[in-house]
Structures are given as structure tokens and as C-alpha cells.
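Visitor: Hi, I have a structure open and would like to talk it through. Could you walk me around?
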Amino acid sequence: MKGGANPLVWIGGGAAALVLLLAFGTLAALALRAESASGLGPGDWAAIRFTLLQALISAALSVLLALPVARALARRHFPGKRLLTTLLGAPFILPVIVAVLGIVTIFGRRGLVNAALAALGLPPIEIYGLGGIVLAHVFFNLPLATRLFLQAHLSIPAEHFRLAAALGFSDRAVRRHLERPAIARVLPGAFVTILLLCLTSFAVALTLGGGPRATTIELAIYQAFTFDFDLGRAALLALVELALCAVAASSALAAGTAPEAAPSLVAAPWRPDGRSPAARIVDGGWILLAALFLLLPTGSIALGGLVHLADLPAAIWPALGRSLLVALAAMTLTLSLALGLAGLALALEGRWGRVIEGIGFLPLATSPMVLGAGLFILLFPTFPPRTLALPVTALVNGVMSLPFALRALLPEMRQIEADHGRLADALGLVGLARLRRLHLPLLARPLGFSAGLTAALSMGDLGVIALFATPTEATLPMQVQLLMASYRMGAASAAALVLLLASLALFWIFDRGGRAHARA
Amino acid sequence: MKTPLIAAGLALAFALSGQAEEKPVLKVYTYSSFASDWGPGPQIEKAFEKECGCDLQWVTAGDGAALLGRLRLEGEKTEADVVLGLDTNLIVRARETGLFARAPEAAAFDNLPIPWTDPDFLPFDWGYFAFVHDRNRLAKAPGSFRDLAAAPDDLRIVIEDPRSSTPGLGLLLWVKAVYGDKAAEIWRRLKPKIVTVTKGWSEAYGMFLEGEADMVLSYTTSPAYHINVEKDDSKAAAIFDEGHYMQIEVMGITRTSNRPELARRFVRFMLSDEAQAIIPVTNWMYPVRMPPEGLPRGFEQLVPREKAILLPPEEAARLRDAALAEWLAVMSE
């Protein structure tokens, strides 16, 4: 992406400014409204340590487990694989409260796993504690890590595999010379993304952590805001969260390896490795385990919803419409911002390119509570919160989804530049023409994936709408929570099923569209 | 691509608010489940609009604490005419904002077990905190905190976190009010039975219904929902000898309201027979005044009046932080 007259660079600059404004502007707004200056207490430091510990373990385990699952999915072909791959993504887009109940029905005291253990005469497992938090975070994030690694596998050129076969590479050699460089490109980014997602966890950590020992920074922020109305402390804690993010993101980006210069053809390649029966069994085992782990809780949620389908209230449908509108608007915004930021990062490269890439991570490290309250302070009373509820939600969801789109797009765009950059330069292909002629056709698959992912994510509640919307303009996730708050757990599970299906459908449509347009 | 759609949506919203301009608008801030399709909001709105010739608009925040937070963010510029859904634990801090005007005169609250004297806030419903269980899973429930503390550790309970939920704070003050200096000891003995502590009531109640705990911290009136809506008699509240801590939900009129007369009229309406009869079967709480037709099944008074516990607002505000620190210390041991 060379050339100063590149409009993408301007969009990228705007995107970076918007992210910075949302992350730091809201924080500053909150700090300025604080009535007193306050520091961090010993409880806060304990929360910071615990938050970091559980996030590091959760992210490491998610990434480690995703490696064999992604390889197995890349190597094996079986009927229904596409459907399975899509369904495996479901936990990532479930509303938190629904997912926690799903996990409990499988892994809880009266859950399926303990029933099976009891039948075998084995002692029950107790999930509450650090183990429960990690279990839940892996449940949420294994799908994301697996998808990012699967993308990496698919980006290994088919010629390389043919060459490896001709040279008689062993499975280990394929792993070392072909897989490892491809995975190394996405691994640091995937790790940091998941780390940051786990850093801002609150309800999951508290509920499955078994109590106050599992206090995270985000809970401390919530407490500072609602229990103590200590805006200064809320802002300070949010700043700590951002600082942790900065350290994590910069160390991961520093560890990132340089892109390989190789022709990139984006299609599922034929592979010479994993032909032995042992490899087949291992791959099959990983796919089966991942499917059981991810699909059982999701399945129990779906089943619970099906049973109560008759209780589904009519108010669900307008809420679904509003959620779809928000999701599509947010998706459009995310893709524009992500392409812009990626373009800017590539144009700058070097240290400033990394800074831009780091800014792309910021939304993940922003406290939803502080973002919502800060935006409220900035917008009120100039704009009535009521009329802004949906646009603000779309804006925030769009920006919050940016890191995922950027993770999927940036490595691919970097590869495309490495492969075809010089030729494009020689042809004088710059600016939007370069984007349209060179990047977009080759980006169809990651673009479709990003579009699907961000649309599905934006269907879920990212926590900000609660300060702005009233129940008369509630989105679907908000309706699920309101149903639960009115004892209607059955109807809530039916509404959650609708939400799950709608999110999966959105993901499926865009992801498929991307694959269909990918050039083989 | 979607900008025209959003613009159209905004235009529509403005057009709608323009139409409403003809009638006086009353803005009532409340917690979101009150104004949801399944709460009292829609029925209250319809009934009040029929008699006031005005447009009642709900503005919501998550729960009582979030509601006060939102009000403090808005400060003097708030559009709220009435704030409905704070509880007695929030009264002191709500008063400190200086945003509230004196409450209008109101006749006695014949269905409230304690006398009401607050000059700024009026109660509109109330309930007792209690541990709810399923009779099919737990035939004999403990009859006191002492029993619960002495019960075998395989009796499992789920509670809410006092830092993020009003029932959680209620339980904290309940134990403190009953056991004072010995509260830490009770918590130490309850701790092995606590499956987990949730962010809010919904997670806790959902986990209880899934069978993850034998008892959940909720209200004595929770079984009434199952009886009246699901025709399910299996849920019951355990009545404790030591008495039950109350949650009284209150409403107040803002000093900044442009329509104080209409606001007072709404507050009086909330205490009318019509509104008070809507409360029990939509908010699952006791009304402060007994409606002429009485109350549905499940609202029988199980707790004798003299066993109602409530720390005065100033006392609750004074004890809160120390009680929380004590609880956190025990629970993190």
C-alpha cells in the first residue's frame, strides 16, 4: 500500500482517531467528572493480579488446544465439515449469561459430565474456581483461535504441499517447514486477542470463579461505578486495563515474525501429510473432542430453547429486526475501519505500522462500562440518549469488532503485498484501484469471514446499549436478559435460540459468500 | 450503505417525538425490568395515560444502583420528572445528590409492616428477601440462619454479589442486622455451602432452576410467580426465625422537573388501588396498600409483622462499607 494519495490511508487515520477517541476520550470524560481523586486499594491490586493470571492461563490454553483442532480440520475432509466448522463457532457469539447456564448444564453439579462420572462410579468434578473460569474462557475462545489457525493452514500454497510430497517430506517435516511459518504469522495476534477478551471478563469470572476470590478489574470498575459512584477510581482502573493491553499487545507484536515471500493462493489445498492411520485417529479424536466440548453446552441451550418455543413472546421479532439492523450497520463500519487501518499499517510499516496495529487492539482492552458511561457523558445532554440508542450501539459494536476483522485481514494483506506489491508498483496500481484490483479479489475469504464474524458478534450485546436504550427499543440480547429478569427463563432460552440461529445465519451467509468469491 | 437507514430511523424517531409534543410529557426513570414487556410498565403506562391526558415515557437503567448512577451522571440537567425503583439502601445517597424535591402527602401504607416517615421518597412496593427452594428436591428447608449454617455441606446455596446486585446487598445487611459482630462467624459457616456468587439475580435464579443449587437468595414472593403463571406449586420460600430483611422500593420527584404537578399526580396514581393491584402479578412484590380485591395466591403473609427487619437508611449507609469489607475478607479466605 504505497503512495501518499491513497484514500485508504485517510480512512485508516480516521479509524485510528476514532478508536483513540473512544478508548481515551471516554476515559478522560469520566475522570473529569470525578468528584474526588482516589487511588487503588489493596483489593484492586489483588483484582489486577487475578485478572492477569486467569487471562494468561485461559489464552494460553485456548491457543494450545486450537492448534491440533485446526490442523485436524485442515487435513480431514468429511461430509458436513462446513456445517460443523460453522457450528463450532457458536460459543463465541452467545450472550454471556446464556452461555454460562449452558456450561453449567453440562459441567455443573447436576450436569451431564457428573452424571456420566457417577454412572462410572467416579467422584464428581467441581468447576467453580480458577478451573471453571478457564473452562468457560476456553469454551468462548477456542472457536476463534481455531478459525484463525484454520485460515493460516488454508493460506499455505498448494504448490508447497506438492513440492513437499515430491521431496518425500515426513509429517514432521511438513509441520516444521510449512505449517509452523504460517501459524507463526497469526499466533501472537490470536493469543493477544484472546488474552484481552479474558482481561475484561466479569460475569463469567465471578459466577464460575465461585465468588469474590475471582474478582476481576472489570468487576472492580462496575463496583466503583454503581456501588460507590467513584468515577475517578473507575477511570483509574480502566487505565490499568488499557496499560495491561498495551504491554500485552506490544510484546506479542514484537514477537511476530516477518511475512514469508510466497505466492498466496486462497483455496483448501491438497496435503501430503497425515496419511497414516495413527494420524487419522489423532485428528479424528481432536475433532470429536472439540465438537463435544463446544457443541454439548450449545446443544443444551438450543434444546432448552426448542422446548419453550411456544412461550416465545411476540416482542422478540421487532427486537430481532433492530438487532439485525445494528449488526449490518456495525459490520459495514468494521470492514471499512479494518481495511483502512490495515492499509495504513502497511503503508507505514516499521515501528509506526506496529503502533497502528496496536491501536487496532485497543477496543478489546476498553472497559465496556467506562466506554458506555464516558460516551453518555460526552453525548448528554446535547443528544437525547433515547434517539441515539441504536446508532450508538452500532458504532460501539462496530469498533469493538474491529480487532477481529483486523486479525483476519492484516496478515493476508501483508502477504499479498509481499507477493504482488512490486508488480503492482510497476504497473502503477495505487490507491483505491490497488485495493479493488489487487487486494479485494484475493481477500474474499478473510473478508467474508470478518464480515460474518463481526455481524454475528454485533448481534450479541456488547454491554453498551443498556445505558442508552429503553425496553421499547430493546435489541434481542437485551430482551433475553429482560425475560430472565422477569422469571421467564423458559421464554428467555427460546429467545436465546432465536438469537443464536440469527447470529449463525449471518455468519454463514457472509463467510460462505467470501468463500464462493475466493479465487482458486 | 446503512447510513440512509439510520438517518431514516432517526428522522422517524424525531417525527414521533414531535407528535408527542402536543401532550405534556412525563419522564419516569426506572430500572429496565420494571418497564419491560413483562414488568408492570406497560399496564401502568396505559392506565395512567387514560386519566392524565399526557404522554408517559419510561427511561431506564439496568437496576436500582445503575439508575442512581445514571441520575448522578446527568445531574442538574436530568430530564427525569420522577425516579421510581430506588430502594431504602440507596435513599441516603440519592438524597445527597440534592436532585429530589419533597414528596407529596400520602395516606398510611396499610400493607407495609413498618411505619414510613421519609420526607422525600414514597414506597410503592416491597418484599422480603428469602432463600427459595424446590420442595421436590429439598423436602425440609432450614428454619433459620443458624440451621442453614449448621446444615451439612451438601446443602448448596447460590447468592448474588453485594457489589453488583441489590439482593446481594440485602443479604449482607440482613446477616449484619441480625448477627452484628458475629456476622463474620455466620458467613464463615455459610461459605462451604455457597456454590457460587453471581453478578445479578437472573444468573443466580437461573442456576437454581437448572438444579445447580438447592436454595437461591430471592424473595418470599418468588414462588407466587411459579404458582400463578406456571401453575407450579413446588417452589417455596424458607421462613427464618431471625426474621426477614425487607426491600422497600421507593419513588421520588426531581427538584428540576418542569411538570411538578403532573409528577405528583403520577406518584399518587402509583399508590392508587388500580396501580397497586398491577404490581403483585407483574413485579412479584407486595403492594404497599392492600387492593380491595385482595391478593392472588402465593402472596399470603408468611412472615409475622414483628419479624420484619430493615436498617434505617442512615444506619444501612453507615454499616455498608464495613460489612462489605468483612464479607470480602471471609469469602476470600
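Guide: Happy to; we can start with the interface and then move to salt bridges and aromatic rings. Keep in mind that this is a predicted model.

Visitor: Good to know. How many residues does each chain put into the contact?
Guide: Chain B gives 67 residues and chain A gives 60 residues.

Visitor: And how much area is buried between chain B and chain A?
Guide: About 5700 Å², with carbon and sulfur atoms giving 65% of that. On chain B's side, B:W38, B:L73 and B:R163 supply 17% of the area it buries against chain A, more than any other three residues.

Visitor: How many salt bridges are there between chain B and chain A?
Guide: The count is three salt bridges. There are also 13 residue pairs in polar contact between chain B and chain A, with both residues at pLDDT 80 or more. Among the elements of chain B that give two or more residues to the side touching chain A are α1 (3–20), α4 (64–74) and α13 (313–331).

Visitor: Which side chain meets A:D228 in a salt bridge?
Guide: That is B:R320, at 3.3 Å from N to O. B:R320 is buried, because its relative accessibility is 8%, while A:D228 counts as partly exposed at 25%. The charged end of B:R320 also sits over the ring of A:F227, 3.8 Å from the ring centre.

Visitor: Nice. Now within chain B, what does B:K235 pair with?
Guide: B:K235 forms a salt bridge with B:D134, and their closest N and O atoms are 3.5 Å apart. This links distant parts of the chain: B:K235 is in strand β8 (residues 235–238) and B:D134 in strand β4 (residues 122–134), 101 residues apart.

Visitor: Are those two buried or exposed?
Guide: Both B:K235 and B:D134 are buried. Another salt bridge joins B:K193 and B:D153, with the closest N and O atoms 3.1 Å apart. There, B:K193 is buried at a relative accessible area of 1%, whereas B:D153 is partly exposed at 42%.

Visitor: Switching to aromatics: how many aromatic pairs does the structure hold?
Guide: It holds 35 over all chains. In one of them, the rings of B:Y286 and B:F299 have centres 5.9 Å apart and planes at 70°, so the pair is edge-to-face. B:Y286 lies in strand β10 and B:F299 in the loop between β10 and β11, 13 residues apart.

Visitor: Which aromatic cluster are they part of?
Guide: One whose members include B:Y286, B:F299, B:W284 and B:W201, along with A:Y487 from chain A.

Terms used
Residues numbered from 1 in each chain as written. Chains lettered and ligands numbered in written order. Heavy atoms only, no water. Phe/Tyr/Trp six-rings, centres within 6.5 Å; stacked < 30°, edge-to-face > 60°. Helix = DSSP H or I, 4+ residues; strand = E, 2+ residues; numbered from the N terminus. Lys NZ or Arg CZ within 6 Å of the ring centre and 35° of its normal. Contact = heavy atoms within 4.5 Å. Buried area = accessible area lost by both parts, 1.4 Å probe. Salt bridge = Lys/Arg side-chain N within 4 Å of Asp/Glu carboxyl O. Polar contact = N/O pair within 3.5 Å; in protein donor to acceptor, adjacent residues only side chain to side chain. Buried < 20%, exposed > 50% of the residue type's maximum accessible area, 1.4 Å probe, protein only.
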